[in-house]
There are 2 protein chains.
Amino acid sequence: MKMKNLFIIKVGGNVIDEPESLKKFLLDFSHIRGNKILIHGGGKTATGISQRLGIEPVIVKGRRVTNEETLKVVTMVYAGLINKNVVAMLQANNCNGIGLSGPDANIIPAIKREKGEVDYGFAGDIVKNQMKVPLLRTFIELGLTPVISSITHDGKGNLLNTNADTIASELASAFASNYYVQLIYCFDKKGVLKDVNDEKSLISSMSQDDYEEYKKQGKILDGMIPKLDNAFDAINKGVKKVKICNATQLLNLINSPEHIGTELIS
Amino acid sequence: MKMKNLFIIKVGGNVIDEPESLKKFLLDFSHIRGNKILIHGGGKTATGISQRLGIEPVIVKGRRVTNEETLKVVTMVYAGLINKNVVAMLQANNCNGIGLSGPDANIIPAIKREKGEVDYGFAGDIVKNQMKVPLLRTFIELGLTPVISSITHDGKGNLLNTNADTIASELASAFASNYYVQLIYCFDKKGVLKDVNDEKSLISSMSQDDYEEYKKQGKILDGMIPKLDNAFDAINKGVKKVKICNATQLLNLINSPEHIGTELIS
């Protein structure tokens, strides 16, 4: 039997923070036919609210350090402000979104990251094989589109902040035995670039070997490394397609025959 | 066939703002056997965050006036901070909560209240008969406990702020044909008091006629009036029991033979 399609779309970057970009993106997302899940974090909106509240954000190696006050802010912004506005906008497009965070129906159990070289505070690592995929499948079969924020929980009553790219990758992998899963990371750039300042330097397809080589050459840096680690992890766990593209190109990537963004290959 | 029980519990007042009170309340709530739904607003936490952000809250006739900035704050606090912390705490008690707001699966469609004597801003009135009761029933049958914040939406992409007491009453009424519904309002006082400053003046049961009489005598005032209007509305629409009690007494009210709080009678 042919597996049903499932698109798992992660959106990040400025598109979340700019109302018009977000509206356009969500209209495109609503037009994707078939099963889909949207995953988001928050980005600059959380930074702005933190500053207004007098909390200074700390970023180490591309990841936000989550102290107690920052945890409150990301919970408010990711799970509240962004998640509910996104769902309301999807509803206006006749896309039956349901906003969820990790504690909801215990969909994403996590564990507080232990202090290593860096203390990430209330950062949560997903507990492997514990995501509630059967329930999410039920929701999808009910015609719902899960919209998942990157707030998770430890099962002991504490919320945690998890990397949204990782949630997307882990969820995609967990669904890979039941669906033909396509994982798409949408952000501000055309895809993975050889030169971060030159949109013409797009890498249209990349294998794990290519990736290792680009890293050695210092062409892939910083925030892209965890994203690509997550992306290759999904490929290695049976996700059928993993692509990285500009958020404005989502529908083109899915519907047009021309090549868009960066495709990762095994 | 005997109808299954469904407890619809609204929690408000200081219990939401005080971590230890909330923890105790949620442990009690988790111990309620059978089907249950929790409904909450936010209260003083939203006021505190507003002040830190430099937004002054406006309350008219016991209801918050929701301007654009206030709408952001209540969305962050009710649908994010409080809703997700409550669900995480329920999960720690082995109660499988799922946090939802009005736009999620379109469970509570609302309409922006028209300007009358007072402009309530982004206040939403529930659209009658449009709540997604069948889907909520499905969730309950899946073993989930809905935890519903008072943020709703207008179906056009805009969030709205709705009175949580009203949501509790409307939901209870909407479920009344399928379940033996008991609606319980939990707050800081023992129940409805003849003298708001005297906890000994508890009214243990009250009919609609009694209520009208107490209002005439000026014994029931302010914030209690919309709460009681909602409560009697539920009684008149087939909800089996409607009670108002101190949040610390919830389990006693359900399990003990002694009389707790105020019971409304038709």
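How many residues of chain A are in contact with how many residues of chain B? In this predicted model, whose local features need pLDDT of at least 70 and whose side-chain atom pairs count only at pLDDT 80 or more, totals for chains, interfaces and linings use all residues. Residues are numbered from 1 along each chain as its sequence is written, chains are lettered from A in the order in which they are written, and side-chain values use heavy atoms, with hydrogens and water left out.

**View 1. The interface of chain A and chain B.** Here 40 residues of chain A are in contact with 39 residues of chain B, contact meaning heavy atoms within 4.5 Å. The two chains bury about 3000 Å² between them, 70% of it on carbon and sulfur atoms, where buried area is the accessible area (1.4 Å probe) that two parts lose on being put together, summed over both. Arg52(A), Met76(A) and Lys84(A) supply 21% of the area that chain A buries against chain B, more than any other three residues.

**View 2. The relation of the two copies.** A turn of 180 degrees with a shift of 0.0 Å along the axis lays chain A on chain B with an RMSD of 0.0 Å, the superposition being by least squares on the C-alpha atoms of residues with pLDDT of at least 70 in both. The copies are thus related as by a two-fold rotation axis, and the same surface serves both, since 98% of the contact residues of chain A recur in chain B.
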